[in-house]
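Biologist: Hi! Could you walk me through this model before I head back to the bench?
Modeller: Happy to, let's have it on screen.

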Amino acid sequence: MLPVYFLLDGLCLPTAPVGSRTSGVRSARLCPVFALVFAAAVFLQARPAAAQFDLAVERELLGKLLQDGHYKQALAESRRVEEALVGQTAGTPAKPGKKGKVTRPPAVTVALVELLIYRGTVERRMGNLDAAEKTLTEAYKQVMDPEFQRLIRVLAPADKEQLEQYLVGLKLPLLQLLDNGTEVLIDRLRKFNYECQAQVAAGAAVEITAEQKQEIESLFQRVDMLVRTSIQERQYPLTVSPDDPAAGSPWARMMLGQARPYRLIGMRYLEASRLPWTVPFDADPASKATEDAGGSKAGGGDKARQPEAVVERVETPVEREQQAKSQRRRAVGYLEKSRDLARQSIELAKSVEHAEEKEVFLQEEARILGETGIPLTVLAMFGSDAASARKLIDQTVEALSSTEQSNHPELARPLMVSAELAMQEGSAAYAAKDFVTAEKKFQQSVTELRRAKSILEADDSEFDPDSPLHPVLADLIVKSQFQQGQSRQGASAASAADAAARRALAALARSENAKKSRTPAKPADGKPADEKPADAAKKPPAPAKPATRATAP
Amino acid sequence: MRSTPCVGAIVLLLVLAASIGRAETPAATDPAMQELLADAETAPELTAALQCRDSGDDDAALAHLRRANATVKKKHGPNNLQQLPILELAGEILFVGGRYAEAVTPFERSVAIREPLAAEDNNKDQKVALASILLLLGKAYAETGNAGNAVSALTRAVDLFTATLGEDHEATQVARRALATASAGKGAG
């Protein structure tokens, strides 16, 4: 049996941020959070945390808000519950703890940690990575608080079965914290890669300072370390009781499996493959974790976190591409393994669970498959395997649509990936002169992008209005529309020459239409409006006439 | 499902956007256009110009085209094929925007570059492309009161369209009507 203090002492989280989040959908399930509080309260015989509010009701409310994508309200409500929890224990006299220090029952601390994880999740999903990191770091501090750790050791039940449930109850939020922390770091890496690509798309050379490089590599090291810890923590199997509300829940069973860390490793390799350089220590974190778990204490010690010795040399583009391909292969491998593990967990769980829980397991399965489906689709697109990519993303969208509200912000991403793919498919069809298919594909892309845009910009979605995603989406819609127009024109053109002529005709028609809309109604005095001094309809002179000047001989 | 929506997706979207432009754009049969869109330096300016044009910001679109043109001229020298998509797009924007006098210059430059290509036998695509620009140029001349040049450009457009696409093609008929109008204007003038 793994003692709980060992479990927590082994948690070597990064000094700075520990992020965490349950994957969007998972976090909506936050169920173990409060279920855990109740369970722990029973086991620890702690003072009940709820005097002025009912945690079960709050739990339902918070879960629903996240599930519906009402992020701002979710933040406000979670803060309210946090304050209530803290307020209730503010006057608790120090027990055997340090003099003058308020001692909180561990069950309350666990509840607070779970609330912080919840809040961090919401902040991350709103695109506010800094806030998410800060919140999750606070959760980490709470977990690592010496008094909390002392109390959970003291209060550990002697009974073997009860101890196991007690450990599971503590392990679940710990795993959530690890997973969510990794997700935040991966989001940061993704953001960095996006910025690099944006520079390339804008025609600028990507310039990365040594400091930036160091920072990015540090992020990767932290991801690797978190994932290793997460894998190790899951390698100590606990027998979960079907009667325990937290440990026996479908969510808990899924959480204790290795599907999530493997998914995170896959995503980590996907981001690594997009970097302009190869991270020097890019070793397989899963292998390292296995080695560490076999040979040293949990957490692997400092040695395991050291990057491998690297001789600085300039990487050629060919070498980089080879490395990127290798990283993408690994990404695919881990993501597929994650899917297999999720399916296995579900199958095992199904055999022991009550019939009414079957639906919950199926939803969990859909979520895991959806979460892995998106990066796998992107990877298939990188490999120009449009057929596989289409199959994957269609399955993903279908799976997620079956488990989410129709306008949930988390549905935006698979829609965007599907739209990207449709653009790729449309381009291929256009190149093959299959204009009808091309037009359909670009139409699909426009429709999906518009839907993603409406989801993200819905009044109640609360997605960060300053996110760089908004202009990118708008830009993509324009490009898709343009391509669709081209395809339509191509479809009606018997040949390339015909298409050129039709383009000129289209310009003439647009010119005529514009002319009509510019022509002001004839005023009562019979003079055209543009003969009047204060002519509102008159087009102002072009300020620069840039193209004309630029192209003039 | 997860994630701050889409940062991951965006990366790919941007890459894709470039590759899509590479596949086809206006005057898609132009190797010059394909080359231009395959160029990391000019593709962003061109796609940005299209976006601005579609959102109605002609001046911004023209500014992007000016930058793209400067890049192309720097790389390939003046009067090169790679300029054609830029010149023609600029001309179209100005023409549709009613800035006919300004549209004349890029169209004239385009015609000057296209003439030698269209002169080659069996180069139907180039002949039609030239005729298309001549049609727009002729209309721009007509709109600015230059009936003589209008008739001249439109006559060539009609001849080229007739020879390549046939008498019944819509482009031929439109060019013929434009020529008739310009000729009437010239007569009246």
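Biologist: In what order do the elements of chain B run from the N terminus on?
Modeller: They run α-α-α-α-α-α-α-α-α, so chain B comes to 9 helices and 0 strands. Helices here are DSSP runs of H or I with at least four residues, strands are runs of E with at least two, and both are numbered from the N terminus.

Biologist: Before we go on, where does the model come from and how are things numbered?
Modeller: The model is predicted, so local features need pLDDT of at least 70 and side-chain atom pairs count only at pLDDT 80 or more, while totals for chains, interfaces and linings use all residues. Residues are numbered from 1 along each chain as its sequence is written, and chains are lettered from A and ligands numbered from 1 in the order in which they are written.

Biologist: What is the mean pLDDT of chain B?
Modeller: The mean for chain B is 78, and 78% of its residues reach 70 or more; pLDDT is the predictor's confidence in each residue, from 0 to 100. Over residues 1-30 of chain B the pLDDT is below 50, yet beyond near neighbours in sequence this stretch has 107 contacts in the model. A contact means that the C-beta atoms of two residues, placed from the backbone, lie within 7 Å.

Biologist: Which elements of chain B have the lowest and the highest mean pLDDT?
Modeller: Helix α1 (residues 7-23) of chain B has the lowest, 27, and helix α8 (residues 147-165) of chain B the highest, 93.

Biologist: And chain A, what's the mean there?
Modeller: Chain A has a mean pLDDT of 71, with 64% of its residues at 70 or more. Residues 522-553 of chain A stay under 50, and the model has 52 contacts for them beyond four places in sequence. For the model, the scores are ipTM 0.79 and pTM 0.58.

Biologist: New topic: how many residues are in the largest nonpolar core?
Modeller: That core has 170 residues, and those with the most contacts inside it are B:Leu154, B:Ala157 and B:Ala175. Helix α9 (residues 160-201) of chain A gives the most to this core, with 15 residues. A nonpolar core is a set of buried Ala, Val, Leu, Ile, Met, Phe, Trp, Tyr and Cys residues joined through C-beta atoms within 7 Å. Buried means that 20 or more other C-beta atoms lie within 10 Å of a residue's own, exposed means 12 or fewer, and partly exposed is in between, with C-beta atoms placed from the backbone.

Biologist: What is B:Ala157 in contact with, leaving aside neighbours within four places in sequence?
Modeller: B:Ala157 is in contact with B:Ala131, B:Leu134, B:Leu135, B:Gly138 and B:Ala175.

Biologist: B:Ala131 again... what separates its C-alpha atom from that of B:Glu115?
Modeller: A distance of 9.9 Å, with the two residues 16 apart along the chain. B:Glu115 sits in helix α6 (residues 100-119) of chain B, and B:Glu115 is partly exposed because 13 other C-beta atoms lie within 10 Å.

Biologist: Over in chain A, is A:Met416 buried or exposed?
Modeller: A:Met416 is buried, because it has 30 C-beta neighbours inside 10 Å. Its place is in helix α18 (residues 412-431) of chain A.

Biologist: Last one: how many residues of α12(A) are buried?
Modeller: 16 of its 16 residues are buried. Its end C-alpha atoms are 23 Å apart, which agrees with the 22 Å expected at 1.5 Å a residue for helix α12 (residues 259-274) of chain A; the expected span is 1.5 Å times one less than the number of residues.
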